[in-house]
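Please look through the sequence and the structure shown here before reading on. A short dialogue between a learner and a teacher then follows.

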Amino acid sequence: MTSGAVWARWSDGARPIALDVLPDCPSISADSREPCCEFADHPGAHSYQLDSMPVETW
Ligand SMILES: [Zn+2]
């Protein structure tokens, strides 16, 4: 079974222009066992490697 989530895309000051259902990133921290909160094949670091959530520009 594959899990996923609904993600929205929008520009600053605008309403969302698209909704996508994307599979979850399968990565889990080897140290803390915390799962990544991003979508599969996301750019950059996994969420458990960050002090704050990334802001993606499309
Ligand atoms: Zn990840």
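The dialogue below takes up strands, burial, contacts and backbone angles in turn.

Q: What kind of model is this, and how are its residues numbered?

A: This is a predicted model, in which local features need pLDDT of at least 70, side-chain atom pairs count only at pLDDT 80 or more, and totals for chains, interfaces and linings use all residues. Residues are numbered from 1 along each chain as its sequence is written.

Q: How many helices and strands does the protein have?

A: Helices (H or I, at least four residues) and strands (E, at least two) are DSSP runs, numbered from the N terminus. In this protein there are zero helices and two strands.

Q: How many bridges join strand β1 to β2, and which residues are partners?

A: Two strands pair if DSSP finds at least two bridges between them. Here β1 (residues 4–9) and β2 run antiparallel and are joined by six bridges. G4 has P23 in β2 as its bridge partner, and R9 has A18 in β2.

Q: Are the residues of strand β2 buried or in the open?

A: A residue is buried if 20 or more other C-beta atoms lie within 10 Å of its own, exposed if 12 or fewer, and partly exposed in between, with C-beta atoms placed from the backbone. Strand β2 (residues 18–23) has six residues and the number buried is zero, so β2 lies largely in the open. The number buried among the six residues of β1 is also zero, so β1 likewise lies largely in the open. Of the 58 residues of the protein, 2% count as buried.

Q: Where does D20 lie, and is D20 buried or exposed?

A: D20 is in strand β2. D20 counts as exposed because it has 11 C-beta neighbours inside 10 Å. The C-alpha atoms of D20 and W7 are 5.3 Å apart, although 13 residues separate the two along the chain.

Q: What share of the contacts joins residues 24 or more positions apart?

A: Two residues are in contact if their C-beta atoms, placed from the backbone, lie within 7 Å. Of the contacts in the protein with a separation of 6 or more, 4% are between residues 24 or more positions apart.

Q: Which sign does phi have in R33 and in D41?

A: Most residues other than glycine have a negative phi. In R33, phi is positive, near 65 degrees, and in D41, also not a glycine, phi is positive at about 60 degrees. R33 is found in the segment after β2, as is D41. R33 is exposed, with 8 other C-beta atoms within 10 Å, and D41 is exposed with 9.
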